[in-house]
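Open the structure in a viewer with the sequence panel alongside. The tour below goes from one selection to the next and says what is there.

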Amino acid sequence: MGDYDDIIHHRHHVSKRHPQMPLSARAAQFAPFAALTGYDAAIGEAARLTDRQVELGDYDKERLNRQVTSLMQHIDKQPAVTLVYFEPDARKDGGTYKVLNGTLKQIDETARQLLLADGTCIPFARLIDISLNEER
């Protein structure tokens with residue numbers, strides 16, 4: 001004989017005074033409890049991947065210097081350029097490589113950066129490649 005044989009065949013009790021809880025409310029009472037606020041965000045941030053900035057060799061540095069020098073000769077025309085550069089991540093080590101099309105406004109040799117017409121500044125140290133676009 002089992003522990004519940006005396007009640008197993010009885011009908012389920014339905015209260016006449018209290019309405020039955022809807023299924024959605026029943027499920028909510030078993031929802032996980034967020035004891036650690038921000039934990040999910042921290043896990044998501046840790047899982048987000050970033051790239052490491054490559055260290056350019058002497059050949060690539062010289063190539064970039066030649067490209068910048070060539071652009072200096074065309075700066076008065078504010079040429080259209082395509083820049084490939086490294087953008088450091090604000091929250092963790094590493095970053096991402098980006099491609100940017102824009103109009104070159106100025107080359108600041110003192111600050112060692114390129115200034116585009118839209119106000120974007122790209123330091124020489126982050127540049128990977130520069131190309132002069134065809135006439136607009």
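A patch here is a group of residues with over 30% relative accessible area and no salt bridge, and nonpolar side chains are joined into one when they lie within 5 Å. Keep in mind throughout that the model is predicted.

**Stop 1: the segment before H1**

Select Tyr4, Ile7 and Ile8. Together these three residues make up a nonpolar surface patch, and their combined accessible area is about 350 Å². Now keep Tyr4 alone: this residue belongs to the segment that precedes helix H1, which spans 23-28. Tyr4 counts as exposed because its relative accessible area is 58%, and the cut-off for that class is over 50%.

Move on to His9, also placed in the segment before H1. Its relative accessibility is 74%, so His9 is classed as exposed. Add Ile107 to the selection and draw a line between the two C-alpha atoms. His9 and Ile107 are separated by 98 residues in sequence, and their C-alpha atoms by 88 Å in space.

Next pick Lys16, another residue of the segment before H1. Lys16 is exposed, since its relative accessibility comes to 85%. Draw a second line, from Lys16 to Asp3: these residues are 13 apart along the chain, with 28 Å between their C-alpha atoms.

**Stop 2: helix H3**

Select residues 58-74, which form helix H3, and centre the view on Gln67 within that helix. Is Gln67 buried or exposed? With a relative accessible area of 19%, Gln67 is buried, because the limit for that class is under 20%. Then show what surrounds the residue. Once neighbours within four places in sequence are set aside, Gln67 has contacts with Asp129 and Ile130.

**Stop 3: the loop from H3 to E1**

Follow the chain out of H3 to Lys77, in the loop that leads to strand E1 (80-88). Lys77 is exposed, as its relative accessibility of 59% shows. Show Lys105 as well: 28 residues separate Lys77 and Lys105 in sequence, while the C-alpha to C-alpha distance is 8.7 Å.

Gln78 sits in this loop between H3 and E1 too. Check the backbone angles here. Gln78 has a phi near 45°, which is positive although the residue is not glycine. Most residues other than glycine have a negative phi. The relative accessibility of Gln78 is 32%, so this residue is partly exposed.

**Stop 4: Arg112**

Where is Arg112? Look in the loop that joins strand E2 (95-108) to strand E3 (113-116). Arg112 also has a positive phi without being glycine, with a value near 55°. At 47% relative accessibility, Arg112 is partly exposed, because that class covers what falls between the buried limit of 20% and the exposed limit of 50%.

**Stop 5: the largest pocket**

Keep Arg112 selected and add Lys61, Leu64, Phe124 and Ala125. These five are the lining residues that lie nearest the centre of the largest pocket, out of 15 that line it. The volume of this pocket is about 360 Å³. Which element gives the most to the lining? Helix H3 does, with six residues. To finish, display H3 at residues 58-74 together with Arg112 in the loop between E2 and E3, and view the pocket from there.

Definitions and conventions
Residues numbered from 1 in each chain as written. Predicted model: local features only at pLDDT ≥ 70, side-chain atom pairs only at ≥ 80, totals over all residues. Heavy atoms only, no water. Helix = DSSP H or I, 4+ residues; strand = E, 2+ residues; numbered from the N terminus. Buried < 20%, exposed > 50% of the residue type's maximum accessible area, 1.4 Å probe, protein only. Contact = heavy atoms within 4.5 Å. Patch = residues over 30% accessible without salt bridge, like charges linked within 9 Å, V, L, I, M, F, W, Y side chains within 5 Å. Areas by Shrake-Rupley, 256 points an atom, 1.4 Å probe, with all protein chains shown as cover. Salt bridge = Lys/Arg side-chain N within 4 Å of Asp/Glu carboxyl O. 1 Å grid on protein atoms, 1.4 Å probe; cavity = no way out; pocket = protein on both sides within 12 Å on 5 of 7 lines; lining within 4 Å. Points joined across faces, edges and corners; volume = space filled by probe spheres on them.
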